[in-house]
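Dear colleague,

I am passing on the structure we discussed, and I would be glad if you could look through it with the notes below at hand.

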Amino acid sequence: MMEGVAEKKREVEEKLRQDEKVVGVLRESLEKSNNVTSGMVTILESFASRLQKMDQTIQPLYRQTLKLTRLQTNVENSLTELDRVIGFHHMADDIEGRIREGPSGNIDGYLKLLERLESAISFFDTNNPSSVELPRLNALYDDGMETLTKDFLNLLKHDSKPVPIQVLNDIASESPEEPQRLEHLPERTMRDLQAIANYLVIKRENTDITGVYAQIRSNQLGRSLSSLKEPGQGGSQLSATTVLRKASFAFLKGQTPSKKNVKRGEGAGKKEREGPRPSATVTSEGGLSEVQLEGSHLFIIMAKVFLRLLQSEVQLMEQIVPKQHHSHVLCQLIKQPMDYFMVDADAILQKAKKCIARHDYPAVLSVFKVTTHMHTLLPEYQAALENMDTASYNRFVEFIGQLEKLTCKTLEDYVLFIRGDPEKQSNLPKDGTVHELTSSTMWFTEQLLEYHSLMGEVFLKQGSYNVLLTNDEKTKAAGHYLSRVLDALNINLKNKADTYESPVLGALFLMNNYHFIHKTFTRNTTMQPLLERAVADIEQRYTELIESEMKSYQKGFAKLIPFLGQEMSISGYQADKPNKAQKALLKEKFKGFNTELEELCRVHGQYSIPDSRLRQRVREDNIELLGPLYSEFFRVYGQSKFTSKPEKYLKYTPEKLEEALNKCFDNGAT
């Protein structure tokens, strides 16, 4: 135990001796470091003292040198300024010839000469207003400004040309996704014009050239537009106006279609006919309707071309005219071409109103086409004129509003016209076929389908309906209008049918017309859904109308049924030995049946059912109505020996009866 403690004590003492040695080394190092530090401080203090003495020695020399340098600079600046002032006195002589000569294609150099003149004038104005050089410099500067203005005018006039008609044709036929870029001026000319405009307008605040620019470019824009209407200048695109010249369809009001105007059959040589089709050239007053379609077609082309020209003029103006003058210049530039354009726009409205006054309602299709086209172009017009010429943009909006108002009123008047078409007996088809009013109306409504979305929008804007509709329900509004047209047509057809002397022919007339309407809207994949938005069961309604009139028509053949009654008041009838009274009765029945059947076949043979399926169905219904009764009657009494002249009374076997009934409508259907 004691040995362990002693050993531990020795270890501690040994470690203590080692630590004391380390401490001694550290003290020695610290002492050496202090000695080195003290020496370095002494050296640095000596160096700082020497620098201070050097600075005190150099500072006076530095100040003297700086003063001499400043004096030298002042002398040099004075000499330079003196040279400049001497140059001002000789400037008029030096550059007069170049100023009066004009830019001669070097606009940048000429502008630098004017800047030199401007500096000289400013010097004399400030330092020597009474100098004899000042009036001469002012006159020379004014000449230079006038020459620059004339050069601007000459450059713009020389290189500004109307857009060639072939380019206009290309614009008219281009797709909106790939608009054609127009180059009105050469690149060099544009740079020169821009430099002149910047100098005159921005630096000198001379705005005269902005009016000159607007006038020249306005004239060229107007000439480009007017070239569209020059005879023989239209090219392939504009020549379509001659094709459309006589393409307007108009209604024959108060006239019965002649044989040559009635299309019979689905094609040449067929016996079937689908009712009279619209004439492409005859108006309600017997003339040709040509002006409105020709004018509208050309106007649509002009509207598109005007937009492209306007957009290109805006781009050109932005490159030449300083930004702060864009609005003013564009207003001046577009005024004359806009007036020219709006003259044609007003002419379209007036022509359409005249056609509508003549009840040439298909002219409204042209108005719809123009309206649709203007709706398409309006956002681009707005983008081109935005924040620059709101007055011109508002004229476009006002014109579209007039188109919409005219279209809406026309469509409303058309419903009244259909409802009130006169029920003249002379105007009715004698064979009970489809009335021209029906075929014309259905043709017109089919043409309207192309614009059904716009038609719904027009009605929503004009508030023609009391139904609460959102903008997303344009198709429903269009469907409401189409259903109103059909309702008005049905009322008119019913009134016309009532004027027939024969109720049977009236029923046939209604059946043909209802079937034509039904067939027209069911085969059209656009019309039927639109109508169903307004009248969900529209197809079923017309099916029921057709069935009802078909039953009314069959009443004409039902007159034969009483002749086929089997009631024999004389008992004991025997087919091989009929008595005298029975013979007389049978003779009366057969003779009456034959006479009535022949008369019915003669009369109904002149009637017409244009649709082949409907015609065959009516024949089959007549056979189904009379065939079984006559077959039974003929079986029971046909073999009776009631006459010695069977060929007189037994003229029709059941087979010949069916054959006779199948010949009904033959004369009227060919």
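The notes that follow go from the whole chain to particular helices and residues.

This is a predicted model, in which local features need pLDDT of at least 70 and side-chain atom pairs count only at pLDDT 80 or more, while totals for chains, interfaces and linings use all residues. Residues are numbered from 1 along each chain as its sequence is written, and side-chain values use heavy atoms, with hydrogens and water left out.

The protein chain has 23 helices and zero strands (helices being DSSP runs of H or I with at least four residues, strands runs of E with at least two, numbered from the N terminus). Of its 670 residues, 44% are buried (under 20% relative accessible area, with exposed meaning over 50% and partly exposed in between, for a 1.4 Å probe and protein chains only). Among contacts (heavy atoms within 4.5 Å) between residues at least 6 apart in sequence, 82% join residues at least 24 apart.

The largest nonpolar core (a set of buried Ala, Val, Leu, Ile, Met, Phe, Trp, Tyr and Cys residues joined through side-chain atoms within 4.5 Å) has 167 residues, and Leu114, Tyr213 and Tyr481 have the most contacts inside it. Its largest share, 14 residues, is supplied by helix H9, residues 291-320. Leaving aside residues up to four places away in sequence, Leu114 touches Ile99, Tyr141, Gly144, Met145, Leu148 and Tyr199.

Tyr481 also appears in a helix pair: the axes of H13 (residues 436-448) and H15 (residues 474-498) come within 11 Å and cross at roughly 175 degrees (axes are lines fitted to C-alpha atoms, for helices over the stretch in contact, with angles from 0 to 180 degrees between N-to-C directions). H13 is therefore roughly antiparallel to H15, a term used for angles over 145 degrees. The contact involves, among others, Leu437 and Met442 of H13 and Tyr481 and Leu489 of H15.

Helix H11 (residues 363-385) reaches 31 Å from its first C-alpha to its last, close to the 33 Å expected at 1.5 Å a residue (1.5 Å times one less than its number of residues). A kink of about 40 degrees lies at Leu377, shortly before Pro379 (the angle between axes fitted to the seven residues ending there and the seven starting there).

Lastly, Asp344 in helix H10 (residues 326-357) counts as buried because its relative accessibility is 15%, and Asp344 touches Lys229, Phe299 and Met302, not counting residues up to four places away in sequence.

With best wishes

How values were computed. Parallel < 35°, antiparallel > 145°, perpendicular 65-115°, else oblique.
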